[in-house]
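Me: I'd like a close look at just one part of this model, please. Could you pick a helix and walk me through what surrounds that helix?

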Amino acid sequence: MNISDIVVFLQQKTCLGNLSAEILSEIASLVSEQTVAANEVMITENTEPDGLYIIQTGTLASDSQLESRQSSLLSGTVLNLYALLLEQPTQYTIKTISETKVWFINSSQFQNIVEQYPEITQAFSQQLAAEIKELSSQLQFEQERQEILRPYLVSKAKRGVIGKSRYSTRLRSQIKQASETRESVLLFGEPGLEKDNLAALIHFGSAYRRQPIIKVDCGKLQTSGAELFGRSGGKPGFIASLGEGTLILNNIQQLPSELLPAIATLIETKQYTPVTRPGGEVAEPQTSQARIILISEQTVPQIDAVVDNLIKVPPLRVRKADLEEQVNYYLNLIGRNKCLNKTRITSEAVRKLQAYDFPNNLSELENIIERAITQLQGCDDITEEIVWQSQSKKKQYRLNLLNKYPKLRYFLRSDWFPDRINYGFTFGFFAFIVLVLFIAPQNRQENFALNLFWAWWWPLILIGFPFVGRLWCAVCPFMIYGEITQKLSLILFPRKLKRWPRSAAELWGGWFLFGLFALILLWEELWDLENTAYLSACLLLLITAGAMIFSAIFERRFWCRYLCPIGGMNGLFAKLSMTELRAQQGTCSAECTTYQCYKGGAAKGEGQETNGCPLYSHPAQLTDNRDCVLCMTCLKACPHRSVEFNLRPPGIELWTTHTPRSYEVALLFLLLNVVFLHHLPEISTRLGLDFHLEQFSNHALVSIVVLSLPLVLPLLAQSIIQLIGKLNPKYKPRQFIELAYGYLPLVLAGNLAHYLQLGLGEGGKILPVTMATFGLDGTSLPVLVAHPAVIAFLQGCSLIFGVLLSILLTQKIARQQFKFLLPQHMAIIALAIGMWEIIVGF
């Protein structure tokens, strides 16, 4: 190639083209053509340049450690030019990719040309200054851009879509499809669904993931839209600053109405107009390169109509299949952040969560799990007692007696209740009663302890259930001795008590107490416990022994919660109570972090030092009186005055928050059938049959039959209800386990009617019976007994009220027309008539 051809090449293809032809001719005359083989290093970074290289043909690669980048070099590239002009080391390493031809001028020859022609330095100094100016301008714009975007930047997506339900699978598919395009997207759904995280997933799953993404709250935008669109001749807006990034417009339903047309135009045409200052010229429309993702909780027709891709995020209540997986994710996340051991959640707790609708969706679930972890007491399992959610039922028709009567609060928080009552009176009095039952005369006419147990305790506790629920359990002597045994055993044999086997206890505990209660009732009937003092004492000692044994093994009151037959009966009838102990959900959620009422702990504020709830129940999550013994431990421990002792409609939980349990239904009908068991002689007389009850085997067989037979009527009634449901497709009958609780008032009334005979007929003889117990003559002492007609009247009234309340309760539970529930109502009436015949007798 001759010199003129080289000059043309330099003018057309190299950066030397702005030099004069004379200078280019001089350079062309000095160049020597060289061929460099492939994969050879021509220039090494940070070395003295050996000369000027002009690439003629071939492929080379440039690698700079300083700028951490690699690039390919093309024909016409001039190498080492600035290093030679500025007398600096080389700035890059050059390696050939293929065989390359170059023109080469050694450094001394090139320096001579530069000295001969000063305009070379001048020309490239101006070019270098222009490049520096342009780079400085770009840097200033980038700094300004970062300053605008920084407060709104989204650094990463928090999490993916968790779950394997069809809703989650579809949502993941929609997000993946959205990330493959640059179309606008609208994510809409209820609050708390983390829709902003889904928007981030779309961006970071796209090819533009390295571009910035910002989230802007539409409720905080100016009506002019200056933050979004920028000002003409002034500060750029979010859209211009983003470039090819992503703009998330959160809460689009809160967007000022003045901006709706501009946003709709931006989404539809990608055109926007910067805001013009008053009196200024209208700016030219600009084209947006940013991607728009909108988030909304409500429909905005003007926006919805122009969005390319609509994604409806399903609420948590329809994704119950994902709940356990979502909970386990939060457990791992929170546990890792707090450096805790791995925490698990029981299936019972998951089922409890699945029964809740979560109006605030994922955010509410995360708060519940975080609260449950805080509430844990060094154990690995989150149980149903620990998990508690916002109350789904309004707290209507409740009167907080603690606020109404401050002296009641003072008494219940004092040492008198229940500790001084329990350890100052009940502890010693119970031992004395048992001793009297063993050594005193064995019949009710001469043993005041037997009179107290059967003529006083039974009627009074039955009368008390509708008023104070399980209050007896707070002063129960069985658990007093159980707690003493627990404390003494820990002193004598220091150890850690076992935690409750909740799963097994929930599954089998109720059936254990049912079976024990059935045996006790048969024992009472076959061995005449009502008139045999030492056997009554054995019954009391048997239950006390159970409490003591299980208290020595397990922490707190495991026996009282799951296994005590008296406690099971008390919990069942406590559902009818007109009082309840609960806590203010909002106060517990917002203010409580220690959960002293549940876990126990040192005194805090007005809260006293306690060992926590003996039944492991949190008052804020109570929905059933069966799990509260009214010991008032939570009231003493709470520093926020959250605990309430409410007056309420009797039995309201049975048709609002109640969860039916099969063992409770079995216990309910056992208590129904025992009314008939107590009156075998009357049944024999009414039927004109001789059961030969003097023979033990006959007595036992008849007792078992009578303890089972009355259940036939409720089952027959339920069968008829189910048949009506099959004949009438519009009617959906309730399950037997739900409707069975409608018999509860009748069961209580029947048992009360039976014990009224003892209470009103013998209870008033307590003074002469007490004297007779100690061998003294008490015939002159007053006796207060009711006339048989009065007793019969009160027994009849109890049964009538029991029938009416059972019918009313059945209607409230079922919430169905009276005619569909008529079979159960007739069964209630038939059972009441049977009780009337054998108890009242006329």
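Reply: Let's take helix α7, residues 195–204, which lies across the strands β9, β10, β11, β14 and β15. Keep in mind that this is a predicted model. Relative to β14 (291–296), α7 runs at about 160°.

Now look at what the helix is lying on. Those five strands make an open sheet, and going across it you meet β10, β11, β14, β9 and β15 in that order, with parallel pairing. At the edges stand β10 (213–217) and β15 (309–312); each has a single partner strand, so one side of each has no neighbour in the sheet. From one strand to the next, the twist averages 20°. Zoom in on β15 and its partner β9 (residues 185–188): the two run parallel and are joined by four bridges. Here you can spot F188 standing opposite K312 in β15.

Back to α7, which also has a helix packed against it: α6, residues 166–179, with the two axes 8 Å apart and at an angle of about 45°. That angle is neither under 35 degrees nor in the 65 to 115 range, so the pair counts as oblique. The crossing of α6 and α7 is right-handed. If you want to see who touches whom, L171, I175, A178 and S179 from α6 meet L198, L201 and I202 from α7.

Finally, follow the chain out of α7 into the loop that leads to β10, and you'll find S206. Its relative accessibility is 5%, under the 20% cut-off, so S206 counts as buried. The S206 side chain reaches the backbone oxygen of H203 at 2.6 Å.

Key. Residues numbered from 1 in each chain as written. Predicted model: local features only at pLDDT ≥ 70, side-chain atom pairs only at ≥ 80, totals over all residues. Heavy atoms only, no water. Pairing = 2+ DSSP bridges. Axes fitted to C-alpha atoms, helices over the stretch in contact; angles between N-to-C directions. Contact = heavy atoms within 4.5 Å. Buried < 20%, exposed > 50% of the residue type's maximum accessible area, 1.4 Å probe, protein only. Polar contact = N/O pair within 3.5 Å; in protein donor to acceptor, adjacent residues only side chain to side chain. Parallel < 35°, antiparallel > 145°, perpendicular 65-115°, else oblique. Left-handed = near helix turned anticlockwise from the far one by under 90°.
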